[in-house]
Amino acid sequence: MNNYEIPVIRLSEAAIENMGKYGRMRKQYLQVHKPGLYNSLLLSGTLHTHLSEIDQTARKRLELM
């Protein structure tokens, strides 16, 4: 029988709690509309960095407005 073990990869709870509103919004967008990119970032370990950059950029743009 074909028994496959598929790992469950998730962001840590601390990483999600420290993420701002715009990082969480980007994560939701990627999960729904760009699942390939989301999985690629998640598996490469760069998802949290990407979400943090998005959050910081959005906050800076709001400050400028």
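Me: In which helix is H48 found?
Reply: This is a predicted model. Its chain has 4 helices and 0 strands. H48 is found in one of these helices, α4.

Me: Is H48 buried, partly exposed or exposed?
Reply: The relative accessible area of H48 is 31%. Buried means under 20% and exposed means over 50%. H48 falls in between, so the residue counts as partly exposed.

Me: How far apart are the C-alpha atoms of H48 and G23?
Reply: Along the chain, H48 and G23 are 25 residues apart. In space, their C-alpha atoms are separated by 8.8 Å.

Me: Is H50 buried or exposed?
Reply: H50 lies in helix α4. Its relative accessibility is 18%. The cut-off for buried is under 20%. H50 therefore counts as buried.

Me: Which residues does H50 touch, not counting residues up to four places away in sequence?
Reply: Sequence neighbours up to four places away are set aside here. What remains is a set of contacts with R26, L30 and L41.

Me: At what angle do helix α2 and helix α3 pack?
Reply: Helix α2 covers residues 21-33, and helix α3 covers residues 35-44. Their axes lie 5 Å apart. The packing angle is about 120 degrees.

Me: Why are α2 and α3 called oblique to each other?
Reply: Their angle is about 120 degrees. Roughly perpendicular covers 65 to 115 degrees, and roughly antiparallel starts over 145. The angle fits neither class, so α2 and α3 are oblique.

Me: Which residues make the contact between α2 and α3?
Reply: By class, this contact has 6 nonpolar, 2 polar and 2 charged residues. From α2 come R26, K27, L30, Q31, V32 and H33. From α3 come P35, L37, Y38 and L41.

Me: Which residues form the largest nonpolar core?
Reply: This core has 7 residues. Helices α3 and α4 each supply at least two of them. The members are M19, L30, Y38, L41, L42, L47 and L51.

Me: Which element gives the largest share of this core?
Reply: The core includes Y38, L41 and L42. The largest share is 3 residues. That share comes from α3.

Me: Where does M19 lie?
Reply: M19 belongs to the largest nonpolar core. At 6% relative accessibility, M19 counts as buried. Its C-alpha atom is separated by 9.8 Å from that of Q56, 37 residues apart along the chain. M19 lies in the loop between α1 and α2.

Me: What percentage of the residues of the chain count as buried?
Reply: The elements run α-α-α-α from the N terminus on. The chain has 65 residues. Of these, M19 is one that counts as buried. The buried share is 22%.

Me: How much of the accessible surface belongs to carbon and sulfur atoms?
Reply: The accessible surface of the chain comes to about 5,500 Å². The part belonging to carbon and sulfur atoms is 53%.

Conventions. Residues numbered from 1 in each chain as written. Predicted model: local features only at pLDDT ≥ 70, side-chain atom pairs only at ≥ 80, totals over all residues. Heavy atoms only, no water. Axes fitted to C-alpha atoms, helices over the stretch in contact; angles between N-to-C directions. Helix = DSSP H or I, 4+ residues; strand = E, 2+ residues; numbered from the N terminus. Parallel < 35°, antiparallel > 145°, perpendicular 65-115°, else oblique. Contact = heavy atoms within 4.5 Å. Nonpolar A, V, L, I, M, F, W, Y, C, P; charged D, E, K, R; others polar. Core = buried A, V, L, I, M, F, W, Y, C linked by side-chain atoms within 4.5 Å. Buried < 20%, exposed > 50% of the residue type's maximum accessible area, 1.4 Å probe, protein only. Areas by Shrake-Rupley, 256 points an atom, 1.4 Å probe, with all protein chains shown as cover.
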